[in-house]
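Take a walk through this fold, from one turn to the whole. Keep the sequence and the 3D view side by side.

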Amino acid sequence: DVVGWRRERLASLDKLPIDVVPDWICEILSPFGRRRDLHKKKQLYARHGVPHYWVIEQFGSIHAYELKQG
(Lines give C-alpha, C1' and ligand atoms only; values in the text may rest on other atoms or scores of the structure.)
Protein backbone atom coordinates (compact mmCIF):
# COMPACT_ATOMS: atom_id res chain seq x y z
CA ASP A 1 0.00 0.00 0.00
CA VAL A 2 1.16 3.53 -0.79
CA VAL A 3 0.09 7.04 0.25
CA GLY A 4 1.06 10.42 -1.15
CA TRP A 5 0.78 14.12 -0.36
CA ARG A 6 1.07 17.25 -2.46
CA ARG A 7 4.31 19.06 -1.57
CA GLU A 8 2.49 22.22 -0.54
CA ARG A 9 0.53 20.23 2.05
CA LEU A 10 3.43 18.19 3.45
CA ALA A 11 6.69 19.99 2.79
CA SER A 12 8.82 17.85 5.12
CA LEU A 13 8.74 14.72 7.20
CA ASP A 14 10.39 16.32 10.22
CA LYS A 15 7.32 15.83 12.40
CA LEU A 16 6.36 12.23 13.12
CA PRO A 17 3.82 10.76 13.24
CA ILE A 18 2.32 12.41 10.16
CA ASP A 19 -1.04 13.94 11.03
CA VAL A 20 -1.91 15.34 7.58
CA VAL A 21 -4.59 13.46 5.63
CA PRO A 22 -3.06 12.00 2.45
CA ASP A 23 -4.06 13.35 -0.96
CA TRP A 24 -3.87 9.87 -2.47
CA ILE A 25 -4.05 6.31 -1.17
CA CYS A 26 -3.42 3.21 -3.26
CA GLU A 27 -4.04 -0.28 -1.93
CA ILE A 28 -3.35 -3.65 -3.46
CA LEU A 29 -6.25 -5.99 -2.80
CA SER A 30 -5.76 -9.38 -1.28
CA PRO A 31 -8.46 -12.01 -1.67
CA PHE A 32 -9.11 -11.76 2.07
CA GLY A 33 -9.33 -7.96 2.28
CA ARG A 34 -11.55 -7.26 -0.73
CA ARG A 35 -14.74 -6.39 1.17
CA ARG A 36 -12.88 -4.36 3.77
CA ASP A 37 -10.92 -2.34 1.19
CA LEU A 38 -13.72 -1.74 -1.31
CA HIS A 39 -16.39 -0.86 1.24
CA LYS A 40 -15.25 -0.09 4.77
CA LYS A 41 -11.92 1.59 3.99
CA LYS A 42 -13.36 3.53 1.05
CA GLN A 43 -16.03 5.00 3.35
CA LEU A 44 -13.49 5.70 6.08
CA TYR A 45 -11.15 7.54 3.71
CA ALA A 46 -14.05 9.57 2.29
CA ARG A 47 -15.17 10.52 5.80
CA HIS A 48 -11.66 11.84 6.50
CA GLY A 49 -11.49 13.75 3.22
CA VAL A 50 -8.98 11.69 1.20
CA PRO A 51 -9.55 13.02 -2.34
CA HIS A 52 -8.14 10.07 -4.32
CA TYR A 53 -8.34 6.36 -3.53
CA TRP A 54 -7.08 3.67 -5.89
CA VAL A 55 -7.47 -0.07 -5.47
CA ILE A 56 -5.39 -2.49 -7.53
CA GLU A 57 -6.89 -5.92 -8.07
CA GLN A 58 -4.80 -9.07 -7.89
CA PHE A 59 -4.86 -9.47 -11.70
CA GLY A 60 -4.08 -5.84 -12.56
CA SER A 61 -7.46 -4.08 -12.72
CA ILE A 62 -7.49 -0.65 -11.11
CA HIS A 63 -10.46 1.02 -9.42
CA ALA A 64 -9.89 4.77 -9.10
CA TYR A 65 -12.21 6.80 -6.86
CA GLU A 66 -12.33 10.56 -6.48
CA LEU A 67 -14.06 12.31 -3.60
CA LYS A 68 -16.45 14.98 -4.89
CA GLN A 69 -17.87 17.80 -2.77
CA GLY A 70 -16.36 16.63 0.50
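**From the helix to the sheet**

Start where the helix ends: H1 is followed by Gly49, whose phi is positive, near 85°. This is a predicted model, and every angle and distance below is computed from it.

Now step back along the helix. H1 covers residues 34–47, 14 residues in total. At 1.5 Å a residue, that stretch should span 20 Å, and the end C-alpha atoms lie 19 Å apart, so expectation and model agree. The axis does bend, by about 35° at Lys41.

Which residues of H1 are buried? They are Asp37, Leu38, Lys41 and Tyr45. Lys41 thus appears twice, as the site of the bend and as a member of the buried set. An α-helix has 3.6 residues a turn, so residues three or four places apart point the same way. What do the buried residues of H1 pack against? Their partners are three strands: E2 (24–28), E3 (52–56) and E4 (62–66).

Next, the overall plan. The protein has one helix and four strands. From the N terminus on, the order of elements is β-β-α-β-β. The C-alpha trace spans about 35 × 25 × 20 Å along its principal axes. Of the 70 residues, 24% count as buried. Among contacts between residues at least 6 apart in sequence, 37% join residues at least 24 apart.

Turn to the sheet. Its four strands form an open sheet in the order E1-E2-E3-E4, with mixed pairing. E1 and E4 stand at the edges with a single partner strand each, so one side of each has no neighbour in the sheet. From one strand to the next, the twist averages 10°. Strands of a sheet pair through backbone hydrogen bonds, either parallel or antiparallel.

Take the pairs at the two ends of that order. E1 and E2 pair in the antiparallel sense over three bridges. Here Gly4 has Trp24 in E2 as its bridge partner. The loop between E1 (2–4) and E2 contains Pro17. A cis peptide bond joins Leu16 to Pro17, with omega about 0°.

E3 and E4 also run antiparallel, over five bridges. His52 has Glu66 in E4 as its bridge partner. The two strands form a hairpin with five residues between them. In the turn, Gly60 has a positive phi of about 105°.

Glu57 lies in the loop between E3 and E4. Is Glu57 buried or exposed? Its relative accessible area is 16%, so Glu57 is buried; the cut-off is under 20%. Leaving aside neighbours within four places in sequence, Glu57 is in contact with Leu29, Arg34 and His63. Of these, Arg34 falls within the residue range of H1, and His63 within that of E4.

The aromatic side chains come last. How many aromatic pairs does a search of the whole structure find? It finds three. In one of them, the rings of Trp24 and Trp54 have their centres 5.4 Å apart and their planes at 90°, so the pair is edge-to-face. The pair links distant parts of the chain: Trp24 sits in strand E2 and Trp54 in strand E3, 30 residues apart. Trp24 is partly exposed, at 25% relative accessible area. Trp54 is partly exposed too, at 35%.

Another pair joins Tyr45 and Tyr53. Their ring centres are 5.1 Å apart and their planes stand at 70°, so this pair is edge-to-face as well. Tyr45 counts as buried at 16% relative accessibility. Tyr53 counts as buried at 4%. Together with Tyr65, these two tyrosines form one aromatic cluster.

The cluster brings the walk back to its start. Tyr45 is one of the buried residues of H1, and those residues pack against E2, E3 and E4. Look along the helix once more, and then follow the strands outward to the edges, E1 and E4.

How values were computed: Residues numbered from 1 in each chain as written. Predicted model: local features only at pLDDT ≥ 70, side-chain atom pairs only at ≥ 80, totals over all residues. Heavy atoms only, no water. Expected span 1.5 Å × (residues − 1). Bend = angle between axes of the 7 residues up to and from the residue. Buried < 20%, exposed > 50% of the residue type's maximum accessible area, 1.4 Å probe, protein only. Contact = heavy atoms within 4.5 Å. Pairing = 2+ DSSP bridges. Axes fitted to C-alpha atoms, helices over the stretch in contact; angles between N-to-C directions. Phe/Tyr/Trp six-rings, centres within 6.5 Å; stacked < 30°, edge-to-face > 60°.
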